[in-house]
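Here are a few notes from my pass through this one. Have the viewer open while you read, and push back where you disagree.

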Amino acid sequence: MSDISVIIVSWNAHGHLRDCLDSIRKTGGSWIREVVVVDNASSDGSPEMVARQFPEVKLVRNKENLGFARANNLGIKISAGAYLALINSDVVVHPGCLKRLAAFLDTRPDVGLVGPKILGRDGLLQRTCRLLPGVWNIICETLALDRLFSKWPLFSGREMRHWNQDTEAEVEVLSGCFWLVRRSAVERVGGLDERFFFYAEDIDWCKRFNDAGWKVCFFPDAQATHFGGGSSLNVPLRYSIEMVRANLAYWKKHHGTLGRITYRCLAIVYHLVRLLPLSIMRLTGLGDPSLIRYKFSENFVCFRWLLTGKEV
């Protein structure tokens with residue numbers, strides 16, 4: 001079995017990072033060549049925790065937050081494994097997960113990138129398999145058709161809600177919370193695009209793998225738990241804007257100026273459509289007040305940023 005370099009990018013995710021490293025230590029084997037943690041200038045003591053509790057880990061301490069793509073590329077550059085496991089700091093790896101993914105790549109030389117089945121903190125499926133973004137599936141999400149008609153493939157959106165994601169499949173996009181990547185494929189495709197600070201770099205990379213002739217696969221026999229928001233929850237509204245910014249950059253890169261304008265218009269409608277019922281719920285007191293307040297703020301700051309460019 002080919003050896004694996006595990007690469008984890010972390011920013012102020014102390015507890016999640018500790019649990020992630022502990023799960024890798026407990027489930028690891030001789031096929032794990034090394035574990036690399038690239039810390040993006042955390043201030044919560046997480047790099048000190050890694051050095052103290054996980055001395056076997058290769059720790060890189062950046063002087064500033066380099067973003068997800070750039071930090072992962074740094075980890076890739078200093079690693080040596082034939083396979084690269086890019087794992088978010090808020091992921092817990094289940095027993096046998098890495099071994100099964102590596103065995104899958106060993107038998108599928110046409111596959112450049114594979115991902116496991118991901119469960120949320122509640123034990124339910126997190127949808128990590130997606131279609132590449134296009135005008136139609138964005139419209140379906142904007143108008144909530146993907147939720148109203150989730151069983152219909154035509155309307156089920158980028159997340160393909162009609163599919164229960166319990167079978168092995170070739171897919172267009174795998175969420176970047178957990179990948180196992182073939183190094184030889186990365187050498188042909190190139191690293192993550194560092195113009196994406198956070199978000200959309202996973203969509204871009206999967207598209208580039210597909211464009212280069214490498215298959216992207218989902219392998220549900222390997223599993224992990226993704227708690228979500230290990231870093232982004234530190235500044236949630238800022239990262240909501242960052243997601244919109246990243247998607248605009250993706251559309252500009254792959255669809256030109258017209259594509260960027262199209263996505264901006266759809267994004268404005270998306271947030272406006274959600275602000276209207278949220279406003280009514282705030283005024284009438286319907287729903288969980290704290291959740292409604294946060295959802296309203298999230299959509300409002302994104303809507304305002306799209307119109308004015310004003311940050312949080």
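1. Let's start with how helix 5 sits. Its buried residues pack against helix 6 (145-148) and helix 9. Bear in mind that this is a predicted model.

2. Which residues of helix 5 are buried? Within that helix, which covers residues 135-142, they are Asn137, Ile138, Cys140, Glu141 and Thr142. If you want to trace the packing, pick out these side chains, Glu141 among them.

3. Have a look at what comes after the helix, too. Ala144 follows helix 5, and its phi is positive, near 60°.

4. On the surface, Leu143 joins Val269 and Val273 in a nonpolar patch. Together the three have about 220 Å² of accessible area. Val273 belongs to helix 9, which runs over residues 236-284.

5. Why does Val273 qualify for the patch on accessibility? Patch members need over 30% relative accessible area, and Val273 has 35%, so it makes the cut while counting as partly exposed.

6. Now for the second largest pocket, which holds about 170 Å³ of space. Its lining includes Leu21, Ile24, Arg25, Phe54 and Glu56, along with Gly28 and Gly29. Charged and nonpolar names both turn up in that list, including Arg33, Glu34, Ile32 and Val35.

7. Which element gives the most to that lining? Strand 2 does, with four residues. Helix 1 (14-27) and strand 2 (32-39) each supply at least two lining residues, so select both when you set up a view of the pocket.

Methods
Residues are numbered from 1 along each chain as its sequence is written. This is a predicted model: local features need pLDDT of at least 70, side-chain atom pairs count only at pLDDT 80 or more; totals for chains, interfaces and linings use all residues. Side-chain values use heavy atoms; hydrogens and water are left out. Patches are made of residues with over 30% relative accessible area and no salt bridge: like charges are joined within 9 Å, nonpolar side chains (Val, Leu, Ile, Met, Phe, Trp, Tyr) within 5 Å. Accessible areas come from the Shrake-Rupley method with a 1.4 Å probe; for residues, only the protein chains shown count as cover. A salt bridge is a side-chain nitrogen of Lys or Arg within 4 Å of a carboxyl oxygen of Asp or Glu. Buried means under 20% relative accessible area, exposed over 50%, partly exposed in between (1.4 Å probe, protein chains only). Contact means heavy atoms within 4.5 Å. On a 1 Å grid over the protein atoms alone, a cavity is a set of points where a 1.4 Å probe fits but cannot get out, and a pocket is an open set with protein on both sides within 12 Å along at least five of seven lines; lining residues have an atom within 4 Å of a point. Grid points are joined across faces, edges and corners, and a volume is the space filled by probe spheres set on the points.
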